[in-house]
Amino acid sequence: MRHTPAGVAVVEAQIRHRSDVIEAGAPRTLEFVVNAIALGPIAGKLEREALGAQLDLSGFLAPRSRRSSKLVLHLTEYRRAGS
């Protein structure tokens with residue numbers, strides 16, 4: 001975890017996603033990695049989760065910076081999967 005100059009906690013992570021979906025009537029498995037960032041109180045809570053923990057995440061996608069086309073998942077809340 002790091003802190004911004006204003007003292008806001010920041011955690012950056014890579015999230016591995018896997019799910020099975022139906023596309024055009026056929027099953028498809030999705031597997032990918034997405035970069036994520038958490039700020040403030042959620043960053044502190046997320047840092048205490050075990051590496052590899054299964055989590056249900058909520059947030060929004062936004063460009064990494066104003067001039068970037070790369071997207072980052074900004075986490076706004078989470079819970080342990082199945083709870």
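**Legends to close-up views**

**View 1. Surroundings of R16 in strand β2.** Beyond its neighbours within four places in sequence, R16 is in contact (heavy atoms within 4.5 Å) with F32 and V33. The model is a predicted one, in which local features need pLDDT of at least 70 and side-chain atom pairs count only at pLDDT 80 or more, whereas totals for chains, interfaces and linings use all residues. Residues are numbered from 1 along each chain as its sequence is written, and side-chain values rest on heavy atoms, with hydrogens and water left out. R16 belongs to strand β2; strands (E, at least two residues) and helices (H or I, at least four) are DSSP runs numbered from the N terminus. With a relative accessibility of 73%, R16 counts as exposed; this class begins over 50%, buried means under 20%, and partly exposed lies in between (1.4 Å probe, protein chains only). Although R16 and Q54 are 38 residues apart along the chain, their C-alpha atoms are separated by 9.5 Å.

**View 2. The chain as a whole.** One helix and five strands make up the secondary structure of the protein, and the pattern along the sequence is β-β-β-α-β-β. Taken along the principal axes, the C-alpha atoms fill a box of roughly 50 × 35 × 15 Å. The protein has 83 residues, of which 23% count as buried. Of the contacts between residues at least 6 apart in sequence, 43% join residues at least 24 apart.

**View 3. The open sheet of five strands.** The strands are arranged in the order β1-β2-β3-β5-β4, and their pairing is mixed. Two strands are taken to pair if DSSP finds at least two bridges between them. Strands of a sheet pair through backbone hydrogen bonds, in either the parallel or the antiparallel sense. The edges of the sheet are held by β1 (2-3) and β4; each has a single partner strand, so one side of each is left without a neighbour in the sheet. The pairing of β3 with β5 is parallel and spans three bridges; A38 has L75 of β5 as its bridge partner.

**View 4. The hairpin of β1 and β2.** These two strands run antiparallel and are joined by two bridges. R2 finds its bridge partner in V10 of β2. Five residues lie between the strands of this hairpin, where G7 takes a positive phi near 90°.

**View 5. The hairpin of β2 and β3.** Here, too, the strands run antiparallel, and 14 bridges join them. One bridge partner of this view is F32 in β3, which is matched with H17. The hairpin has two residues between its strands. A24 is placed in the loop between β2 and β3 and has a positive phi of about 55°, although A24 is not a glycine. A relative accessible area of 83% makes A24 exposed.

**View 6. The largest nonpolar core.** Eleven residues form this core: A9, V11, V34, A36, A38, I42, A43, L46, L73, L75 and Y78. The term denotes a set of buried Ala, Val, Leu, Ile, Met, Phe, Trp, Tyr and Cys residues joined through side-chain atoms within 4.5 Å. At least two residues of the core come from each of β2, β3, α1 and β5. For A9, apart from neighbours within four places in sequence, the contacts are M1, R2, H3, A38, L39, G40 and A43.

**View 7. The largest pocket and its lining.** This pocket holds about 750 Å³ of space. The 22 lining residues include Q14, I15, R16, A53 and L55, which are the closest to the centre of the pocket. Two or more lining residues come from each of β2 (9-23), β3 (26-39), α1 (41-47), β4 (55-63) and β5 (71-80). With seven residues, β2 gives the most to the lining. A pocket is an open set of points, on a 1 Å grid over the protein atoms alone, where a 1.4 Å probe fits, with protein on both sides within 12 Å along at least five of seven lines; lining residues have an atom within 4 Å of a point. Points are joined across faces, edges and corners, and the volume is the space filled by probe spheres set on them.

**View 8. R66 in the loop between β4 and β5.** R66 is located in this loop. The residue is exposed, as its relative accessible area is 87%. R66 and Q54 are twelve residues apart along the chain, and 31 Å separates their C-alpha atoms.
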